Amino acid sequence: MRLGHLGKIGIGWGIISVLGIGAFVASKTSVDKNRYENMKIRERMRQSNVGQYEVKEARRKGTKETTNGPTMNMPQMDAAQQAKLQLMQEMEIEMMSDLYSRMTQACHKKCIPPKYADSELGKGESVCIDRCVAKYLEVHERIGKKLTAMSSQDEDLKKKMGV
């Protein structure tokens with residue numbers, strides 16, 4: 001049996017379709033595998049952080065720590081001090097969240113082109129992001145130290161003036 005021109009085109013499309021579907025399934029499997037690995041890493045990070053937060057919370061409450069650490073008894077605080085401490089903690093969480101958001105946006109804008117060529121970061125992009133994050137955190141730490149020093153100077157000045 002001899003195939004005509006349209007028959008050859010049909011067979012070509014059939015082969016291309018099968019190969020395309022196979023390539024799609026292979027790439028989807030690879031992406032799913034990477035997603036699963038990333039989820040496992042995130043879960044391990046979340047679990048490793050849980051213990052730290054539980055210890056801090058236990059210390060704040062003056063109760064026995066939930067991990068295998070020592071017992072910490074804090075002096076009882078009145079309601080105003082507890083409210084102030086709670087407000088400070090909430091502000092710190094909000095500030096850290098804001099820092100993370102700004103850092104993510106700035107480093108993404110600086111290091112990653114608007115049109116993605118790959119599903120994963122290239123070596124240059126990874127190095128750029130590492131440096132960007134390190135610089136951002138270093139500057140944040142320097143500013144924090146400077147503001148703390150300025151604040152303590154202001155407190156000393158207020159004490160000297162008797163305010």
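These legends walk you through four views of a predicted model.

Before you start, residues are numbered from 1 along each chain as its sequence is written. Local features here need pLDDT of at least 70, and side-chain atom pairs count only at pLDDT 80 or more, while totals for chains, interfaces and linings use all residues; side-chain values use heavy atoms, leaving out hydrogens and water.

**View 1. The whole chain reads α-α-α.** You will find three helices and zero strands; helices (H or I, at least four residues) and strands (E, at least two) are DSSP runs, numbered from the N terminus. Of its 163 residues, 7% count as buried, meaning under 20% relative accessible area (1.4 Å probe, protein chains only).

**View 2. Residues 6-26 carry a UniProt annotation, "transmembrane region", from an unreviewed entry.** Such annotations may be inferred rather than shown by experiment, and their positions are given in the numbering used here, with feature names shortened. This stretch is 100% helix and 0% strand, with its end C-alpha atoms 30 Å apart.

**View 3. Leu3 sits in the segment before α1 (5-61).** With a relative accessible area of 38%, Leu3 is partly exposed, a class that lies between buried and exposed (over 50%).

**View 4. Helix α3 covers residues 123-161.** How far should its 39 residues span at 1.5 Å a residue? The expected value is 57 Å, taken as 1.5 Å times one less than the number of residues. The end C-alpha atoms are 57 Å apart, in agreement. Just after α3 comes Gly162, with a positive phi near 80 degrees.
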